[in-house]
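Open your viewer, load the model and keep the selection box handy. We will go from the whole chain down to single residues, one stop at a time.

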Amino acid sequence: MENIAIVVVEPQGERNLGAIARAMKNMGLGELILVNPRCDYQSVEAQTMAVHAKEVLAQARVVDDLATALGDRQRIIATSARERILQSPMETPRQALPWLLAPNLKSALVFGREDSGLSNEELNQAHRFVRIPVHPQYPSLNLSQAVMVCTYELYQANLAMGTDNQAPGDRQEDGSMVPLATNGQLDSYCQHLEKTLLNIQVLYPHTAPSKMAKLRRIYQRAALNSEEVALLRGILGQIDWLAQQIKL
Ligand SMILES: C[S@@+](CC[C@H](N)C(=O)[O-])C[C@H]1O[C@@H](n2cnc3c(N)ncnc32)[C@H](O)[C@@H]1O
């Protein structure tokens, strides 16, 4: 499971971070990425809760925003207590999390802030969404307990797959695999697309952000590989060239 990072956005609780580190080590995970932490993730409180998993905290990577955390990731699942997100269905951990286990793809499982969870903009960077089904009277779990449930499911799925969990991907005619596009590649394609669509007035500045968020969601769902992103970028390049000719 070395290909899977646990990403936590703006955590506020030192104890929660210690408990997350412990849950991760219990379930065989080691890579923790903290997006703009709002507390001291190496405090005595955090370390006390981590017990024998202090090194998970010590080795945690801190980044400024979620896009940086996910830049080189090809499979991203976000978690939320909400019942519906961006018109996409929620899945249970058991349904969705085995998808992260492909060993030669970099994956991430994302958790939100203790008070407000993840924003729509942050959720939009994920391919799939997981909700732990709990009693409807109180569906929001403590952050570290949500990490525990999800990492347990990952561990069970990994055990069940044994050593045969070969990476799914796009098989070529010659039998080789094309890697899925990274989040960073998709980001830069979407920025290029927005610029082009604004230039040819298919998009207008006041509606661009919401339309681009919807387009981004479609591309995320399609789980494009790097050749497909390159193809789309090539088409955009031709549209840019034609638009320039017409303006001359
Ligand atoms: C205390 S919750 C935040 C609650 C926030 N009001 C919301 O609706 O997302 C903190 C984080 O724990 C995780 N979490 C809590 N309950 C969950 C559930 N039932 N299913 C999946 N993740 C959950 C999510 O990552 C969430 O962003």
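Here is a tour in several stops, beginning with the overall view.

**Stop 1: the whole chain**

Show the cartoon first, and keep in mind that this is a predicted model. The protein chain holds 10 helices and 8 strands. Along its principal axes, the C-alpha trace spans about 65 × 45 × 35 Å. How does the radius of gyration sit against that of a compact globule with 248 residues? The chain has 20 Å where a compact globule would be near 18 Å, which agrees.

Now switch on the surface. About 13,100 Å² of the protein chain is accessible, and carbon and sulfur atoms own 53% of that. Colour by burial, and 45% of the 248 residues come up as buried. A contact map is worth a look too: among contacts with a separation of 6 or more, 81% are between residues 24 or more positions apart.

**Stop 2: residues 4–152**

Select residues 4–152. An unreviewed UniProt entry annotates this stretch as "domain: tRNA/rRNA methyltransferase SpoU type". Over these residues the chain is 32% helix and 18% strand. Put a distance label on the end C-alpha atoms of the stretch and you should read 13 Å.

**Stop 3: Glu10 and Arg38**

Turn on side chains for the charged residues; the model has 11 salt bridges. Zoom to Glu10 and Arg38, whose side chains meet in one of them at 3.1 Å, N to O. Glu10 is in the loop between strand 1 (4–9) and helix 1 (14–26), while Arg38 is in the loop between strand 2 (31–35) and helix 2 (44–50), so the bridge ties together parts 28 residues apart in sequence.

Buried or exposed: which word fits each partner? Arg38 is exposed, at 51% relative accessible area, whereas Glu10 counts as buried, at 17%. Add Arg113 and Glu122 to the selection as well, since you can then see a network of salt bridges that links them with Glu10 and Arg38.

Before leaving, check the backbone of Glu10. Its phi is positive, about 45 degrees, although Glu10 is not a glycine.

**Stop 4: Pro11**

Step one residue along to Pro11, also in the loop between strand 1 and helix 1. Pro11 counts as buried, with 0% relative accessibility. Which residues does Pro11 touch, leaving aside those up to four places away in sequence? They are Leu17, Leu34, Val35, Pro37, Arg38, Cys39 and Glu114. For a long ruler across the model, label the C-alpha atoms of Pro11 and Met161: they are 150 residues apart along the chain and separated by 32 Å.

**Stop 5: two more salt bridges**

Select Glu31 and Arg73, whose side chains form a salt bridge at 2.9 Å, N to O. Glu31 belongs to strand 2 and Arg73 to the loop between helix 4 (66–70) and strand 4 (75–79), so this pair ties together parts 42 residues apart in sequence. Glu31 is partly exposed, at 27% relative accessible area, and Arg73 is buried, at 1%.

Next, select Arg94 and Glu153. Their side chains also meet in a salt bridge, at 2.9 Å from N to O. This pair links distant parts of the chain: Arg94 is in helix 5 (residues 93–96) and Glu153 in helix 7 (residues 143–161), 59 residues apart. Why is Arg94 called exposed and Glu153 buried? Arg94 has 62% relative accessibility, and Glu153 has 13%; the cut-offs are over 50% for exposed and under 20% for buried.

**Stop 6: Val51**

Go to Val51, in the loop between helix 2 and helix 3 (54–58). Its phi is near 50 degrees, a positive value in a residue other than glycine. Val51 is partly exposed, with 29% relative accessible area.

**Stop 7: a nonpolar patch**

Finish on the surface by selecting Ile200, Val202, Leu231, Ile235 and Ile239. What do these residues form together? They make a nonpolar patch on the surface, with about 410 Å² of accessible area between them. Click on Leu231, which is found in helix 10 (residues 226–247). Leu231 is exposed, with a relative accessible area of 55%.

Methods:
Residues numbered from 1 in each chain as written. Predicted model: local features only at pLDDT ≥ 70, side-chain atom pairs only at ≥ 80, totals over all residues. Heavy atoms only, no water. Patch = residues over 30% accessible without salt bridge, like charges linked within 9 Å, V, L, I, M, F, W, Y side chains within 5 Å. Areas by Shrake-Rupley, 256 points an atom, 1.4 Å probe, with all protein chains shown as cover. Salt bridge = Lys/Arg side-chain N within 4 Å of Asp/Glu carboxyl O. Helix = DSSP H or I, 4+ residues; strand = E, 2+ residues; numbered from the N terminus. Buried < 20%, exposed > 50% of the residue type's maximum accessible area, 1.4 Å probe, protein only. Rg over C-alpha atoms; globule rule 2.2 N^0.38 Å. Contact = heavy atoms within 4.5 Å. UniProt positions renumbered as here; feature names shortened; annotations may be inferred.
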